Amino acid sequence: MSVLIVGTTALDSIKTPKAENPRLLGGSASHAAVAASFFAPVNLVGGVGEDFPKKYVELYRRHKIDLQGLQTLPGKTFHWSGEYEVNMNNRRTLATDLGVIETYSPVVPKAYQKSPFVLLANIAPALQSRVLDQISRPKFVVADSMDLWLNIALADLLKLLKRVDGFVLNDSEAQLLTKEDNIFNALKKIHQLGPKYVIIKQGSHGSILSSPKGLFICPAYPLKKVVDPTGAGDSFVGGMMGYLASARGSVDANIRRAMVYGSVTASFCCEGFGLNTTTKTKRAQINQRVKELEKLTKF
Ligand code: AMP
């Protein structure tokens, strides 16, 4: 089954203590779509400007990502730049140039309207809702977000949360949303906002799922060297949704394993700038790391 992914299709300029890389392919939808493409057919909905490099369109194509929903609009592509501190855990946004995203309204092609799995990757929550307005009831809808929307578009986000099955956020966002320090109390409060499946990401410490079947603690793959963690969260949720779309059986039966596949896909993302390593990764390497994690967590 296919996954419909909407989010930002961006150019990212990333600075780490070791290197600087301008205008890489980035954006929440790009990272999520490439990650999901290891497992299932992906339908991408996004908007880019006239300056979007052809080589990036080719890269999407190499991953067999369907581009009927990618609009080229007059103006510049969304551009984000960020800088990491020495420990690579703290990131500072240096600039966000919205470009075409400022007036973008997602259009879902007819062929995508019955996609069973829908990932509303990070973009303004009002735009995420507009995608749901255009599709028939999918099997499983997950939304991602970021602190920016919690701060400037909370009402839109709360409306969206009533319409999704799952919500993925990181621990500091969960604290900001619920005013709860304790992660388990935060999970409970987020369920009360609508989603039945809530995943709180904890960076290199993995993630926690709370679902109708209870809690699951998902490990992160133990990486010795992180080059650039940009897009790791998007790769995690993209990999998870791709795996779910590819697996037989119910979401409840598959979601734990799907999270582990997402976690491993995100580990490859962290090993290179932007999508550089993810795009060179083979499915067999993902399977190998999943096996390693299985051994590491068995007791
Ligand atoms: P992550 O590291 O998982 O938080 O995702 C980083 C990606 O989010 C980068 O590729 C950025 O292009 C994208 N991004 C940054 N700011 C925004 C924003 N305001 N809305 C949507 N996507 C963004």
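This tour moves from the whole chain to the central sheet, then to selected salt bridges and two backbone torsions.

**Whole chain.** Begin with the complete model, which is predicted. The protein has 10 helices and 13 strands. Its radius of gyration is 18 Å, close to the 19 Å that the globule rule gives for 299 residues, so the protein is as compact as a globular protein of that length. Displayed as a C-alpha trace, the protein spans about 55 × 45 × 40 Å along its principal axes. Colouring by accessibility will show that 57% of the 299 residues count as buried. With the surface switched on, about 13900 Å² is exposed, and carbon and sulfur atoms supply 52% of that area. Of the contacts between residues at least 6 apart in sequence, 64% join residues at least 24 apart.

**The sheet.** Next, select the strands of the open sheet. Nine strands make it up, in the order β5-β4-β1-β8-β9-β10-β11-β12-β13, with mixed pairing. At the edges stand β5 (65–73) and β13 (214–218); each has a single partner strand, so one side of each is left without a neighbour in the sheet. On average, neighbouring strands of this sheet are turned by 15° against each other, direction ignored.

Stay at the β5 edge and add β4 (residues 42–49). These two strands run parallel and are joined by seven bridges. For a single position, pick Val45, whose bridge partner in β5 is Gly69.

**Helices on the sheet.** Now show helix α3 (residues 125–133), which packs on the sheet and touches β1 (3–6), β8 (117–120) and β9 (140–144). The direction of α3 makes about 160° with that of β8. Then select helix α8 (residues 232–246). It lies across β1, β8, β9, β10 (166–170), β11 (197–201) and β12 (207–211), and runs at about 175° to β9.

**Salt bridges.** Side chains of opposite charge can pair when their charged atoms come close. The structure holds 10 salt bridges, and the following stops include some of them.

- Select helix α2 (residues 54–62), where Arg61 and Glu58 lie three residues apart, about one turn of the helix. The two form a salt bridge, with the closest N and O atoms 3.5 Å apart. Glu58 counts as partly exposed, at 40% relative accessibility.
- Move to Glu83 and Arg92, whose salt bridge brings the closest N and O atoms to 2.6 Å apart. Adding Lys15 to the selection completes a network of salt bridges that links Lys15, Glu83 and Arg92.
- Finally, select Arg289 and Glu271, whose side chains meet in a salt bridge (3.0 Å, N to O). Arg289 lies in helix α10 (residues 283–296) and Glu271 in the loop between α9 (251–270) and α10, so the pair ties together parts that are 18 residues apart in sequence. Arg289 is buried, with a relative accessible area of 12%, whereas Glu271 counts as partly exposed at 28%.

**Two backbone torsions.** Most residues other than glycine have a negative phi. Select Arg23 in strand β3 (residues 20–26): its phi is positive, about 50°, although Arg23 is not a glycine. Arg23 counts as partly exposed, at 39% relative accessibility.

The last stop is Lys179, in the loop between α6 (171–178) and α7 (183–191). Phi of Lys179 is also positive, near 60°. Is Lys179 buried or exposed? With a relative accessible area of 67%, Lys179 is exposed.

Conventions: Residues are numbered from 1 along each chain as its sequence is written. This is a predicted model: local features need pLDDT of at least 70, side-chain atom pairs count only at pLDDT 80 or more; totals for chains, interfaces and linings use all residues. Side-chain values use heavy atoms; hydrogens and water are left out. Two strands pair if DSSP finds at least two bridges between them. Helices (H or I, at least four residues) and strands (E, at least two) are DSSP runs, numbered from the N terminus. Axes are lines fitted to C-alpha atoms, for helices over the stretch in contact, and angles run from 0 to 180 degrees between N-to-C directions. Contact means heavy atoms within 4.5 Å. The radius of gyration is taken over C-alpha atoms; the globule rule is 2.2 Å times the number of residues to the power 0.38. Buried means under 20% relative accessible area, exposed over 50%, partly exposed in between (1.4 Å probe, protein chains only). Accessible areas come from the Shrake-Rupley method with a 1.4 Å probe; for residues, only the protein chains shown count as cover. A salt bridge is a side-chain nitrogen of Lys or Arg within 4 Å of a carboxyl oxygen of Asp or Glu.
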